[in-house]
Amino acid sequence: MGRGEGGRRSDLHTAAALGAGQLPAAGLLWWIIADSGTDDYGAGYGGAFGLLCVLLFAPLVLPCLGLLHAVLHPLPALALARRAARHVRGPEWARHLGGVVLLGTAWAAPVTLLWGGSFPATALALSLLGVLPVLGIASGRGRTRRTGRAWGTWGIWLGAAPVSAALFVAAFLGALLASFTGVLAEYEPPKLSAGQLAGVWRGDDGAVLRLLPGGRAESTALPARGAFDDAPDAEDFVVCEGSGTWSPDTPDRAGERDGVLLSLDGDCGRETVWTIGGTADDPELFVLFGDPDAGDLRVLTRS
């Protein structure tokens, strides 16, 4: 095996190992930032459980993701840096970083189109994910020039493990600091008066709730708590139509949200509290009938 081939293999594994090693910290920060200031509808454990599952399967998934990231971002950026050497002076690692930023910005376009979000923020995040692999490749090449030997495959991956742990701890401590200092805002549901609650609320599944001034209500295909909702293993609901009454519901206990107490005439369902969520500009009413991941969350928005 020639020296050039060994160097390319070392670059590949360095980019893959460090790319994979930074993903747990990046995932933690993404989860915290995405969850900050958003309504979890009283089921915040779901995101934490999902994160726990990701961490459990990380040793199997991360190497594959690291290799994929290496061949899509740092290594093509390295090829761009080599081409730019004819026209741009300076160390190769600086040109490599420039290529990483260029490709990160290019990849941000399809990512934003497919999953939404801010294009500048996505471009910045993708570019930052290429910085550590670039610096790792530069460090590995410097070591090779000094000693005449490149790191072996196992040495590269084992050496990336403490880097990954340090990044994760740093991300966790940074998130704690941001939470304590108020940089990451905690979600606060809006406060709506009876007049603001009155109006037409609609759900994606065709449910309609009309809250009329004076306390009367009309419903169409509206879910309500079922007759056996108090049973330990029952999280049932029924779909009702008709009229009834409503009133603002203000719990006495601290930490509980305001809502709307709805009681439909007849024998369809029981009294149901629709909790206030969303924001002041886009308020929502919701009921959690059980597991939100199983489709037991019903949300109404003002039409």
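These are my notebook entries on what I looked up in this structure, which is a predicted model.

**Entry 1: salt bridges**

I began with the salt bridges, and the count comes to 5. One of them joins the side chains of arginine 141 and aspartate 11, with N and O 2.5 Å apart. I then checked where the two partners sit, and found arginine 141 in helix α6 (residues 131-147) and aspartate 11 in helix α1 (residues 3-35), so that this pair links distant parts of the chain, 130 residues apart. Is this pair buried or exposed? I noted that both arginine 141 and aspartate 11 are buried.

The side chain of arginine 141 also meets that of glutamate 92 in a salt bridge, with an N to O distance of 2.7 Å. Because arginine 141 lies in helix α6 and glutamate 92 in helix α4, this pair ties together parts that are 49 residues apart in sequence. For arginine 141 I wrote down a relative accessible area of 19%, and since buried means under 20%, arginine 141 is buried. Glutamate 92, with a relative accessible area of 26%, is partly exposed. Putting these entries together, I recorded that Asp11, Glu92 and Arg141 are linked in a network of salt bridges.

I looked next at lysine 191, which forms a salt bridge with aspartate 258, where the closest N and O atoms are 3.5 Å apart. Lysine 191 is in the loop between α7 (153-181) and α8 (194-197), while aspartate 258 is in the loop between β4 (237-249) and β5 (259-264), so this pair ties together parts that are 67 residues apart in sequence. I compared the accessibility of the two partners: lysine 191 counts as exposed at 64% relative accessibility, whereas aspartate 258 is buried, with a relative accessible area of 18%.

**Entry 2: helix packing**

Two packed helices are described by the angle between their axes and the distance between the axes. I looked up both values for helix α3 (residues 74-84) and helix α4 (residues 92-115), whose axes come within 8 Å and cross at roughly 125 degrees. With that angle, α3 and α4 are therefore oblique to each other, and I noted that their crossing is right-handed.

How do α4 and helix α5 (residues 119-128) pack, and at what angle? Their axes are 8 Å apart, and the angle is about 135 degrees. Because angles over 145 degrees count as roughly antiparallel and those from 65 to 115 as roughly perpendicular, α4 and α5 are oblique to each other. The crossing of α4 and α5 is right-handed.

**Entry 3: a nonpolar surface patch**

Turning to the surface, I found a nonpolar patch of about 870 Å², made by Leu56, Phe57, Leu60, Val61, Leu65, Leu68, Val71, Leu72 and Trp107. I asked which element gives the largest share of the nonpolar patch. That element is helix α2 (residues 45-72), from which 8 residues come. I followed up one of the patch residues, leucine 72, which lies in helix α2 and is partly exposed, with a relative accessible area of 36%.

**Entry 4: a backbone angle**

Last, I looked up alanine 221, whose phi is near 50 degrees, and I marked this as a positive value in a residue other than glycine. Alanine 221 has its place in strand β3 (residues 216-225), and with a relative accessible area of 24%, alanine 221 is partly exposed.

Note on methods:
Residues numbered from 1 in each chain as written. Predicted model: local features only at pLDDT ≥ 70, side-chain atom pairs only at ≥ 80, totals over all residues. Heavy atoms only, no water. Patch = residues over 30% accessible without salt bridge, like charges linked within 9 Å, V, L, I, M, F, W, Y side chains within 5 Å. Areas by Shrake-Rupley, 256 points an atom, 1.4 Å probe, with all protein chains shown as cover. Salt bridge = Lys/Arg side-chain N within 4 Å of Asp/Glu carboxyl O. Helix = DSSP H or I, 4+ residues; strand = E, 2+ residues; numbered from the N terminus. Buried < 20%, exposed > 50% of the residue type's maximum accessible area, 1.4 Å probe, protein only. Axes fitted to C-alpha atoms, helices over the stretch in contact; angles between N-to-C directions. Parallel < 35°, antiparallel > 145°, perpendicular 65-115°, else oblique. Left-handed = near helix turned anticlockwise from the far one by under 90°.
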